[in-house]
Amino acid sequence: MRIVLLGAPGSGKGTQATLLKQRLAVPHISTGEILRAAVAAGTPLGLQAKAVMASGALVSDEIVLGMLEERFRTDDVQRGFILDGYPRNLAQARALDALLGRLQLPVQRAVQLDVAEATLLGRLAGRAQAEGRADDNPEAVAHRLHVYTDQTAPVIDFYQRRGTLVRVPGEGSVEEILERIVAAL
Ligand code: AP5
């Protein structure tokens, strides 16, 4: 199955993708994870992305698409995939559509996790304390939420028009939400 997971920062995309990956036996592709690994490894890509990510802004479309094209060249995606963190704006949604069209691997379901802002803020504050992720401080979180509303939310309509969108309430226990997603697929 070929799935795109959509939702605001802290909505649980990464958490659910990790579980869905096991359930569906397909790879989990997280652009945020790929970028954080590049930052940690100090690669040229990581050096370019580091400050942008820490501020809560989006890394350039060109860099992220290049990264994704490389990932989609590997054989395991033929089985399907769970894409988490991409697309983040309409230009990325169109680029993904074109890329997956060329590869004959179109998105079958776009799953939007709906979570109230107060819950998002609580989860990200909890992770800031537990893990100290560079972009979980209050200023970066505020910017990430603004970027989400401004640039990423329109992507929901894009998939709605394609007829592939399903919306899932993203509050409750991790297991409950997983079962809702599986039922919606
Ligand atoms: P990215 O890594 O994609 O971060 P994000 O979208 O801000 O999402 P998060 O990882 O914060 O949240 P999530 O929805 O995955 O939730 P999670 O499961 O972690 O992107 C980071 C940055 O990279 C971007 O800001 C940008 O700079 C760059 N980037 C990435 N992709 C890009 C792109 N395509 N283009 C340009 N730039 C890009 O959960 C959050 C917390 O909540 C965790 O602590 C978790 O344990 C907890 N939690 C989850 N579910 C529950 C639950 N049901 N109950 C209680 N707690 C829960």
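Modeller: Buried means under 20% relative accessible area. This cut-off will serve for the aromatic residues of this predicted model.

Colleague: With that cut-off, is phenylalanine 81 buried or exposed?

Modeller: Phenylalanine 81 has a relative accessible area of 0%, so this residue is buried. Phenylalanine 72, with 4% relative accessibility, counts as buried too.

Colleague: What describes a pair of aromatic rings?

Modeller: The description rests on two quantities, the distance of the centres and the angle of the planes.

Colleague: How many aromatic pairs does the structure hold?

Modeller: There are two aromatic pairs. In one, the ring centres of phenylalanine 72 and phenylalanine 81 lie 5.0 Å apart and the planes stand at 80 degrees, so the pair is edge-to-face. The other joins phenylalanine 158 and tyrosine 159: with centres 5.1 Å apart and planes at 80 degrees, this pair is therefore edge-to-face. Both phenylalanine 158 and tyrosine 159 are buried.

Colleague: I should now like to turn to pockets. What shows where empty space is left?

Modeller: One rolls a probe the size of a water molecule over the atoms. In this structure, the largest pocket has a volume of about 930 Å³.

Colleague: Which residues lie nearest the centre of the largest pocket?

Modeller: Lys13, Asp84, Arg88, Arg133 and Arg144 lie nearest its centre, out of a lining of 47 residues. By class, the lining comprises 18 nonpolar, 19 polar and 10 charged residues.

Colleague: Which elements each supply at least two residues of that lining?

Modeller: Among them are strands E1 (2-7) and E2 (28-30), together with helices H1 (13-24), H2 (31-41) and H6 (117-131). Helix H7 (138-152) and helix H9 (174-184) also each supply at least two.

Note on methods:
Residues numbered from 1 in each chain as written. Predicted model: local features only at pLDDT ≥ 70, side-chain atom pairs only at ≥ 80, totals over all residues. Heavy atoms only, no water. Phe/Tyr/Trp six-rings, centres within 6.5 Å; stacked < 30°, edge-to-face > 60°. Buried < 20%, exposed > 50% of the residue type's maximum accessible area, 1.4 Å probe, protein only. 1 Å grid on protein atoms, 1.4 Å probe; cavity = no way out; pocket = protein on both sides within 12 Å on 5 of 7 lines; lining within 4 Å. Points joined across faces, edges and corners; volume = space filled by probe spheres on them. Helix = DSSP H or I, 4+ residues; strand = E, 2+ residues; numbered from the N terminus. Nonpolar A, V, L, I, M, F, W, Y, C, P; charged D, E, K, R; others polar.
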